[in-house]
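The following exercises introduce a protein model through a set of worked solutions. Please study the sequence and the structure before attempting each task.

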Amino acid sequence: MNRTPSSAAPAHGQTGAGHGAGPDSGPSLSNGLKQRHLSMIALGGVIGAGLFVGSREGIAAAGPSIVLAYAVSGALVMLIMRMLGEMAAANPASGSFSVHAERSIGSWAGFTVGWMFTALLCVAVAAEALGAADVMHQWFPGTQPWMWVLLFMVIFTGTNLTAVSNFGEFEFWFAALKVAAIGIFLVLGLLAIFGVLPGTAAPGTAHLTGDGGFLPKGVDGLMVGLLASVFAYGGLETVTIAAAESKDPVRGVASAVRTAMWRIALFYVGSMAVIVTVIPWSAPSIAKSGPYVAVLDYLKIPAAGQIMNVVILVALLSAVNANIYGASRMAYSLISRGQGPAFFGKVSGGVPRRTVLLCSAFGFLAVLFSFWWPTTVFQWLLNMVGAAVLVVWGFIAVAQLRMRRRLDREAPEKLVVKMWAFPVLTWVALAGIVAVLLLMLRDENQRIQLLFTGGFGVVLAVIGLLRKRTLGKDAAPAGR
């Protein structure tokens, strides 16, 4: 994303992704992603395992008001994406918000948020690979989960070591399947709601207002559901990282961000509304099988459980692929700006292969930790990145607040995408992030994650500040 100076846009067709391990030291990242890749990555990026699997906890906590929870958290995410889109369209770079934070706040900020996000994605690679292995183990009980983890890691490490267009193709088809699955689910749900689907009667508002009402567990339940929904939106940032490796990054990211609103409303809010309208929120089948399978079983769709398991597997594999990509590009951007070991900054064939191997190795090591020390080391890793997405969002908001003012002064023509009602909605987003952090303090498990993430962030910030003092500089000389 943005790593070029705010007063000078990259030349048309360049990625803004950077150069080897330092200015002009080697070949650049390629621009092999096509517009269709970016469009589908943006479309499918909002559909993850958190939606298919994690939403059951939110429904159990909030009841029908989960629709409101997803709408509120979705509004916050839309503001974040709009801010990120404004900066990315103005100055595309593979370092994304790390680059924006560095140029707008200081090198320590870019260092902190960049390495925190890289760690988040590497740990997420492990978590998603383990989830996919569990699905395969259910289908093939005679196998061991580690075998599947190894297979998936080899496949997607290989995918990311080759041309970036291969990553784009995998994500294109993964996203197409997820979008098709959600689309069919929504159509079937709407037909059932209106009583058009054979064998079903229109439920009306019985499930929305019965069984405790719209807020069966009160405001506290809504708050728990809100927390669950916030973290389901992770992964939206990948498209702005990927845009830097497209032929027209400005147009690509602008298009992706401008369609964020209807994607979030349709996929998240829409599917939650269908679920709690079609079946009771307290139905045991939701906790047992997951909300999507529960609805499809209620509608008597043959092999509903296996169909959703395939979709969940695709969502998990898509996340593994995208997280390796996102982590490697963020790590490459940091290293190319002198904020990491220069050895890993080499680019060959338009791909930062050493950072791909580095991030994949860290992800696989985290998988091994989950087998060796599941309740200690692996849990510490999960806790350290548990609230990382909120840290990222906070840096995005502060960076946009500062960068927008500079762009208005120096290069208003670069504001292809503009934040709505600036600066009011930027401050609203910051207030929303603070509110979510305060909510996390109310729950013991969430509080532990917040403290671990906060400690990790402080360590990174101290290292970043020491680097600044030692090197005597506050910004890298070139944009990546």
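Helices, meaning runs of at least four residues assigned H or I by DSSP, are numbered from the N terminus. The model is predicted.

**Exercise 1.** Determine where Pro-423 is placed and what kind of peptide bond joins Phe-422 and Pro-423.

*Solution.* Step 1: locate the residue. Pro-423 belongs to the loop that runs between helix H18 (388-410) and helix H19 (424-442). Step 2: examine the bond. Phe-422 and Pro-423 are joined by a cis peptide bond, with omega at about 0°.

**Exercise 2.** Describe the backbone angle phi of Ser-96 and of Ala-303, and state whether each residue is buried or exposed.

*Solution.* Step 1: take Ser-96. Although Ser-96 is not a glycine, its phi is positive, about 50°. Ser-96 lies in helix H4, which covers residues 96-104. A residue is buried under 20% relative accessible area, and the value for Ser-96 is 0%, so Ser-96 is buried.

Step 2: take Ala-303. Here too a residue other than glycine has a positive phi, near 55°. Ala-303 is placed in the loop between helix H14 (291-298) and helix H15 (304-336). The cut-off for exposed is over 50%; Ala-303 has 52% relative accessibility and therefore counts as exposed.

**Exercise 3.** Explain why Cys-359 forms no bond with the closest cysteine sulfur.

*Solution.* Step 1: recall the cut-off. A disulfide requires two cysteine sulfur atoms within 2.5 Å. Step 2: apply the rule. The count of disulfides comes to 0. Cys-122 is thus in no disulfide, and its nearest cysteine sulfur, that of Cys-359, is 4.1 Å away. Step 3: conclude. Because the sulfur of Cys-359 is 4.1 Å from that of Cys-122, the separation is too far for a bond. Step 4: add the surroundings. Cys-122 is buried at 4% relative accessibility, and Cys-359 is buried with a relative accessible area of 3%.

**Exercise 4.** Identify which residues make the nonpolar surface patch and which helix gives the largest share.

*Solution.* Step 1: list the members. The patch, of about 800 Å², is made by Trp-146, Met-147, Leu-150, Val-154, Leu-365, Phe-371, Trp-372 and Trp-373. Step 2: assign the helices. At least two residues come from each of helix H6 (145-161) and helix H16 (353-372). The largest share, 4 residues, comes from H6. Step 3: check one member. Leu-150 lies in helix H6. Membership requires over 30% relative accessible area; Leu-150 has 36% and is partly exposed.

Note on methods: Residues are numbered from 1 along each chain as its sequence is written. This is a predicted model: local features need pLDDT of at least 70, side-chain atom pairs count only at pLDDT 80 or more; totals for chains, interfaces and linings use all residues. Side-chain values use heavy atoms; hydrogens and water are left out. Patches are made of residues with over 30% relative accessible area and no salt bridge: like charges are joined within 9 Å, nonpolar side chains (Val, Leu, Ile, Met, Phe, Trp, Tyr) within 5 Å. Accessible areas come from the Shrake-Rupley method with a 1.4 Å probe; for residues, only the protein chains shown count as cover. A salt bridge is a side-chain nitrogen of Lys or Arg within 4 Å of a carboxyl oxygen of Asp or Glu. Buried means under 20% relative accessible area, exposed over 50%, partly exposed in between (1.4 Å probe, protein chains only).
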